[in-house]
Amino acid sequence: MLIKKALLLFFTALLLSPFYAQTKTEEKVLKEMNSISADNIMYYDRELASPKYAGRLTGTKGYNMAADWTVSLFKKWGIKPAGDKNTYLQKFKNPYTLILDAGEVILNSPYGKTEPVKYKYQDEYFPDATSDKGTVTADVVYVGYGITAPELNYDDYKGVDVKGKIVLFNPVVPVSPGQDTETFKKWRPYSFHDYKAKNAAAHGAAGVLFNYQLVNPNGIFIKGLIKADIGDKITADILEGTGKTIKDLLGGIRKNLVPASFDTKKSVTIRINSQYHPEGIGSNVVGVIKGIDPALKDEYLIIGAHLDHLGKCDQLMPGANDNASACSVLFETAKALTSLKMNFKRSIMFVLFGAEEQGVKGSEFFVNNLKIPKDKIIGFINLESVGRGEKISAGSGKNYPELFKPFEENDNKYVHRAMTADFNSNLARPRQDAAHFLWAGIPTISFGAYGAPQLPFSTYHTTHDTPENLTPPVMEDLARIVFLSVIDIVNK
Ligand SMILES: [Zn+2]
């Protein structure tokens with residue numbers, strides 16, 4: 001009898017002990033973690049990358065449909081709205097440009113040939129995604145980086161007449177952020193695509209050949225300015241016979257910080273068929289799982305990914321990796337967090353940003369129009385192009401080791417996927433939503449994937465960014481790591 005009573009007491013004590021509660025919770029969490037699957041993630045990815053959403057260019061019907069679909073998932077999982085006026089959407093002004101056909105880039109006066117050369121869409125050029133509609137035929141003037149910076153005593157347009165001509169220039173600036181931080185800061189404003197297009201127009205250019213060949217709506221529409229984004233083949237053809245190569249020209253400019261502009265005397269035709277929509281409206285999708293601890297529930301961990309991509313630049317840009325992969329990892333994580341039916345101490349906010357591809361505009365608007373106090377944001381976890389690779393990268397993980405720690409620990413304990421953290425000085429032109437959070441001083445980590453086997457074509461901002469070219473296991477692992485770590489962070 002006594003033994004029975006003692007045993008009963010023992011088991012009651014065990015049941016009530018924090019150890020038992022902890023193992024029970026761990027069991028439940030691990031069971032849920034195991035339900036996170038690559039198949040589910042790929043289901044979301046295929047949906048977003050499908051032609052139905054037309055490449056998800058922010059401002060278009062395709063993007064709005066993708067946002068609505070996201071809202072339907074949030075509702076199904078019981079995630080509450082946290083956008084404008086008790087909806088899931090946070091809207092902002094967002095002009096956009098549609099590219100209606102492949103257009104043309106023709107070299108009319110190729111060196112040593114009598115026939116013009118007509119170039120191939122995607123293999124050799126793309127219509128610039130913010131070009132005006134029209135045709136320009138003119139000589140090409142090489143203008144280095146396309147920069148006029150009097151205070152730096154540097155002007156790519158000095159000594160050349162570009163009125164009515166086509167200018168050819170390269171991206172970035174002749175100084176890199178890693179090389180000399182203080183000098184780079186002075187050059188930084190000239191690294192933006194908007195600036196370069198405006199400067200070309202201010203000097204009277206009628207056309208732009210940007211030696212940066214990918215579909216890129218991160219630019220600016222300027223009335224009357226016809227633009228195309230060209231690869232090395234076209235650039236080399238234009239420079240052929242001048243005794244100069246692009247490599248030597250850029251190398252010289254970088255070395256001496258002296259422009260090397262000249263008229264190539266090669267005639268080129270650029271034809272673009274586009275439609276500008278200045279009235280465009282973009283949106284972020286924002287949802288929340290509220291915490292329950294009276295003292296901690298107003299603190300937020302934010303998990304974000306950009307929902308948008310490049311739309312249709314004549315052909316569909318599926319963006320399966322950039323960034324449907326990250327949205328899909330976010331969805332699978334959010335679903336697991338809700339189906340746990342666990343009460344969290346702090347709140348978890350999910351944001352699917354619009355207009356990342358148009359110059360990280362959605363995240364900029366989000367950070368500048370916070371609906372919660374900035375000092376209540378305990379961290380921002382960004383997911384960006386997480387679908388192709390063998391390894392996980394944790395951008396700015398070394399800037400915020402405390403925020404990174406649970407991710408590293410959970411990976412080591414349960415998932416075992418190679419993961420590397422780096423330090424992000426965040427000085428260059430912002431190319432991820434994480435940039436605006438970092439500048440606002442919010443602890444931020446941006447996860448990505450890298451180390452995928454090489455393909456015979458580029459998947460970055462091309463028609464080849466399709467679900468078939470993804471590596472699903474890395475996404476499953478990342479979703480599991482994020483799921484476990486989010487719980488640790490919000491319950492800490
Ligand atoms: Zn992108």
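This text goes through a predicted model, from its domains to its nonpolar core and then to one helix.

The domain assignment splits the protein into two parts. Domain 1 is made of two stretches, 32–94 and 280–491, while domain 2 covers 98–276. Between the C-alpha centres of domain 1 and domain 2 the distance is 33 Å. In the contact between them, domain 1 supplies 17 residues and domain 2 supplies 21 residues. On the side of domain 1 that touches domain 2, seven residues are nonpolar, seven are polar and three are charged.

Next comes the interior. The largest nonpolar core counts 134 residues. The residues with the most contacts inside this core are I166, V167, C327, L330, I348, L478 and V486. Helix α13, residues 472–491, gives the core its largest share, 12 residues. Where does the core lie with respect to domain 1 and domain 2? Both domains give residues to the core, so it lies between them.

C327, one of the residues with the most contacts in the core, can be looked at by itself. Apart from neighbours within four places in sequence, C327 is in contact with Y44, L48, A305, L307 and L352.

The last element is helix α10, which runs over residues 361–368. This helix is mostly covered, with six of its eight residues buried. The buried residues of α10 are K361, G362, S363, F365, F366 and V367. Their cover includes four strands, β2 (89–93), β15 (281–289), β16 (300–306) and β19 (347–353), together with helix α12 (434–439).

Methods: Residues are numbered from 1 along each chain as its sequence is written. This is a predicted model: local features need pLDDT of at least 70, side-chain atom pairs count only at pLDDT 80 or more; totals for chains, interfaces and linings use all residues. A residue is buried if 20 or more other C-beta atoms lie within 10 Å of its own, exposed if 12 or fewer, and partly exposed in between; C-beta atoms are placed from the backbone. Helices (H or I, at least four residues) and strands (E, at least two) are DSSP runs, numbered from the N terminus. Two residues are in contact if their C-beta atoms, placed from the backbone, lie within 7 Å. Domain bounds come from an automatic or database domain assignment. Ala, Val, Leu, Ile, Met, Phe, Trp, Tyr, Cys and Pro count as nonpolar, Asp, Glu, Lys and Arg as charged, and the others, Gly among them, as polar. A nonpolar core is a set of buried Ala, Val, Leu, Ile, Met, Phe, Trp, Tyr and Cys residues joined through C-beta atoms within 7 Å.
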